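Q: Please take a close look at a single helix in this model and at what surrounds it. I would like one connected account, with the values given.

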Amino acid sequence: MKELVADFKTIFKKDKGLLVWMAANFGLAVWLFLMPIVNLNPSSKQVFVRYSDLSSYSNSDWWYLTSFSVIAVAIGVGHTLLAARLYSKRGRDISRLFLGISVVILVVAICFLRNIIGEG
């Protein structure tokens, strides 16, 4: 734990660009975490939850959408901590690449969720 705190201190002092990538990753994860929770209507028995084949939607229970929130927490917190560790072990470029891939995954998940919620 002390090593992780030292890694974050080093990033904060030496690499503001990586700190921006971490903030973007965390911000998108918070957005992905809150979007399904705010848009859920637990009184509905069935809601649109996912794409099925050929661009049609399928119905299921409303709590299925909360899996997006679980993914958001895992990526937001886990990938930020992993990027800090990668920064100290492998260097800045690998850490930025990892965060860039995480940001792309979050953006795709947000677009996917917006399409599902928009149909509901």
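A: The helix taken here is α3, which has 24 residues and reaches 34 Å from its first C-alpha to its last, close to the 34 Å expected at 1.5 Å a residue. The model is predicted, and every value below is computed from it.

Some context for the chain comes first. It has four helices and two strands, and from the N terminus on the elements run α-α-β-β-α-α. Of its 120 residues, 33% count as buried. Helix α3 covers residues 66-89.

The buried residues of α3 are Phe68, Ser69, Ala72, Ile75, Gly76, His79, Thr80, Ala83, Ala84, Leu86 and Tyr87. The spacing in that list can be read against the helix repeat. An α-helix has 3.6 residues a turn, so residues three or four places apart point the same way.

Three positions in α3 show how burial varies along the helix. Alanine 72 lies in α3 and has a relative accessible area of 2%; because buried means under 20%, this residue counts as buried. Alanine 83, also placed in α3, is at 0% relative accessibility and is likewise buried. Glycine 78, found in the α3 stretch too, has a relative accessible area of 25% and is therefore partly exposed, since that class lies between 20% and 50%.

Each of these three positions can be tied to a residue elsewhere in the chain. The C-alpha atoms of alanine 72 and leucine 28 are 8.2 Å apart, with the two positions 44 residues apart in sequence numbering. Leucine 28 is one of the buried residues of α2. Glycine 78 and phenylalanine 26 are 52 residues apart along the chain, and their C-alpha atoms are separated by 9.8 Å. For alanine 83 the partner is leucine 97, 14 residues away along the chain, at a C-alpha separation of 9.1 Å.

The next point is the packing of α3 with α2. Two packed helices are described by the angle between their axes and the distance between the axes. For α2 and α3 the angle is about 170° and the axes are 7 Å apart. That angle makes α2 roughly antiparallel to α3, because angles over 145 degrees fall in that class. The crossing of α2 past α3 is left-handed.

Helix α2 covers residues 16-39; its 24 residues should span 34 Å at 1.5 Å a residue, and its end C-alpha atoms are 34 Å apart, so the two values agree. Its buried residues are Leu18, Met22, Asn25, Leu28, Ala29, Leu32, Met35 and Pro36.

Helix α3 also takes part in an aromatic pair, and the count of such pairs comes to one. The rings of phenylalanine 68 and phenylalanine 112 have their centres 6.1 Å apart and their planes at 40°, so the pair is tilted. The pair links distant parts of the chain, with phenylalanine 68 in α3 and phenylalanine 112 in helix α4 (residues 92-119), 44 residues apart. Phenylalanine 68 counts as buried at 10% relative accessibility, whereas phenylalanine 112, at 30%, counts as partly exposed.

Finally, there is the end of the helix. Just after α3, glycine 91 takes a positive phi of about 115°.

Note on methods: Residues numbered from 1 in each chain as written. Predicted model: local features only at pLDDT ≥ 70, side-chain atom pairs only at ≥ 80, totals over all residues. Heavy atoms only, no water. Expected span 1.5 Å × (residues − 1). Buried < 20%, exposed > 50% of the residue type's maximum accessible area, 1.4 Å probe, protein only. Phe/Tyr/Trp six-rings, centres within 6.5 Å; stacked < 30°, edge-to-face > 60°. Axes fitted to C-alpha atoms, helices over the stretch in contact; angles between N-to-C directions. Parallel < 35°, antiparallel > 145°, perpendicular 65-115°, else oblique. Left-handed = near helix turned anticlockwise from the far one by under 90°.
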